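These are my notebook entries on a structure that I went through one topic at a time. I wrote down what I looked up in the order in which I looked.

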Amino acid sequence: MKTLAELRPVYVVGIGLHPYQRPSEKNYVLLGLTAVREALADAGIAWPAVQSAYVGNVLVGMAAGTAMLRYLGATGLSIAQVENASASGSTAFRQAVIEVAGGFSDVALAMGVDKPGPIASGPGKAGVRGLVDDRVVPFTHFALLTQLYMEQHGATPEQIAKVAVKNHRNGALNPYAQRQQERTLEEVMEPPAVSGVLTRLQCTPVGEGAAAVIVMSEEGIARHGIEKSRAIQVVASAARSEELSGTLNFDVALTEKTTHDAYRQCGLGPSDFDVVELHDAFTIEELLYVEAMGFSLPGEAVRDLEAGAFDIGGRVAISPSGGLIAMGHPIGPTGVGQVAEVTRQLRQEAGPRQHPGARVGLTHMVGVGPVCVVHILQRPG
Amino acid sequence: MSAEMTGLWSVDSGTARLNGIRCSSCGLVLFPPQLYGCPACGAGPGELIPAALPAAGRLHSFAVVNLHPSHPTPYTILEVELDSGPLVRALAASNFDPRINDRVEGHEAQVDGTPQLVFERARVPLA
Ligand SMILES: [Zn+2]
């Protein structure tokens, strides 16, 4: 198997978003076009320059990507829609990166767009059902993990809720976030708990939105006159799916393996990172994943969190966008939105939520399957 | 599916057992049952043998659920590491106040008018 280090260098040169928001009457086409037009403008290129597009989408349905992108001009480019549960956008980005790295295209678009709606679920249709599957919705799955973490590490419900306080504080500085309001610990913990100790503000609000990034080879950068100082290199791309992990949670096991695959690809390790966007759909996930990624020793994530290590300006800013908890999780766009945020941070263009001196960043999504996708981005020079 | 695997559990002389499977190729024990193939070694349906798993194990985690779109709440979900290996999720018996690492065992009970396999703290055997 090859890694990006053995292929052509790939850079993110344009980013754009439609703000994540509560479901509205706005058509998905408008959401998606807003993000792509912003990404084209950011890169300073016109639509016909784009040779290939990957569209992350779960809920809109068949051919959503082509039905949307034709309104930018039907140029005949290659378009493929990518579904990989919550990691759909991350996987669309990975496909675009691979295509450019492999020399098939010099300019590719990765985007995601979604609106809440009925889910046609493969696992559901497989017909393998346990005793209480219909009673265990995602927040209960994560409530079970929270209770176990508290038991194993002596963590308190207050300490776990502080993840949401930090991420709402970050989201309040992000004009693209679905939740742009700071919350006190008391507000986050306000009863009722929906399941276990998890309250509503510790769970991601699933809404609608769109995100887009344009990736280029060095040939593409030269051809289109891209400002090199704003081009952010993608130095690792890793993706995995389930391996049996016994009683160890599958997302944690998968996160550890996938992240370390990515570290090996580029020779970077936990101490090298400035910003991380991870799959914090529920507060407990941030704690579990920062430990699995090596940013905290096992059981010490709450102490690091309380010490400010994961704040903007701390040792490593975790979810400076607000993460899934505050920025939101419209499913298809989420992984692409993470790449947009890390790119903005590495360009030093994140304004009031800028992590000072950010040079290296990581994006991480897990999804039903389970699957996991990790990318590492680095500012050249 | 063979006839003995159509339900998820069986009760025989008052003792509940889960209808799991064992892979005769690698030994993996699985619940819920399926006849697609072994996720550990890839062995085909012919290697997947029905296995009655004692409804007994150790409490791995739990959650009191206060919100659900269709089921009346609250109810408590348990995650039980069966003595035979699989981690299964089940309802708690209504009077059970769970603590992680409790020894638990399952029995059939009516929940919202339907029979369910529910778990609670194992009866301590008399000395
Ligand atoms: Zn097997």
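Are Cys23(B) and Cys38(B) buried or exposed? I checked the two residues in what is a predicted model, and I found that both Cys23(B) and Cys38(B) are buried.

**Entry on the metal site.** I then looked up what holds the zinc ion, and I noted four sulfur donors, the SG atoms of Cys23(B), Cys26(B), Cys38(B) and Cys41(B), at 2.3 Å. I went through the angles among the 4 donor atoms, which run from 106 to 113°, and I recorded the site of the zinc ion as tetrahedral. Along the chain, I read the spacing of these donors as C-x2-C-x11-C-x2-C. Cys23(B) sits in strand E2 of chain B, while Cys38(B) sits in the loop between strands E3 (29–30) and E4 (48–54) of that chain, so I noted that the pair ties together parts that are 15 residues apart in sequence.

**Entry on the hairpin.** Since E2(B) had come up at the metal site, I looked up its pairing, and I found that strand E1 (residues 9–12) of chain B runs antiparallel to strand E2 (residues 15–23) of chain B, with 4 bridges joining them. For one of the residues concerned, Ser10(B), I wrote down Arg17(B) as the bridge partner in E2(B). The hairpin has 2 residues between the strands, and I noted there that Ser13(B) takes a positive phi near 50°.

**Entry on a helix of chain A.** I next compared the length of helix H5 (residues 138–153) of chain A with what its 16 residues should span at 1.5 Å a residue; the expected value is 22 Å, and the end C-alpha atoms are 22 Å apart, which agrees. I recorded H5(A) as mostly covered, because under 20% relative accessible area counts as buried and 12 of the 16 residues of H5(A) are buried. Among them I listed Phe139(A), His141(A), Phe142(A), Leu145(A), Tyr149(A) and Met150(A). Just after H5(A), I noted a positive phi of about 65° at Gly154(A).

**Entry on disulfides.** How many disulfides does the structure hold over all chains? I found 0. For Cys266(A), which is in no disulfide, the nearest cysteine sulfur is that of Cys372(A), 15 Å away, whereas a disulfide would need the two sulfur atoms within 2.5 Å. I also compared their surroundings: Cys266(A) is partly exposed, with a relative accessible area of 24%, while Cys372(A) is buried, at 0%.

Terms used
Residues numbered from 1 in each chain as written. Chains lettered and ligands numbered in written order. Predicted model: local features only at pLDDT ≥ 70, side-chain atom pairs only at ≥ 80, totals over all residues. Heavy atoms only, no water. Pairing = 2+ DSSP bridges. Expected span 1.5 Å × (residues − 1). Buried < 20%, exposed > 50% of the residue type's maximum accessible area, 1.4 Å probe, protein only. Donors = N, O, S within 2.8 Å, 3.2 Å for Na, K, Ca; no water. Tetrahedral: all angles 85-135°; square planar, octahedral: opposite > 155°, others 65-115°.
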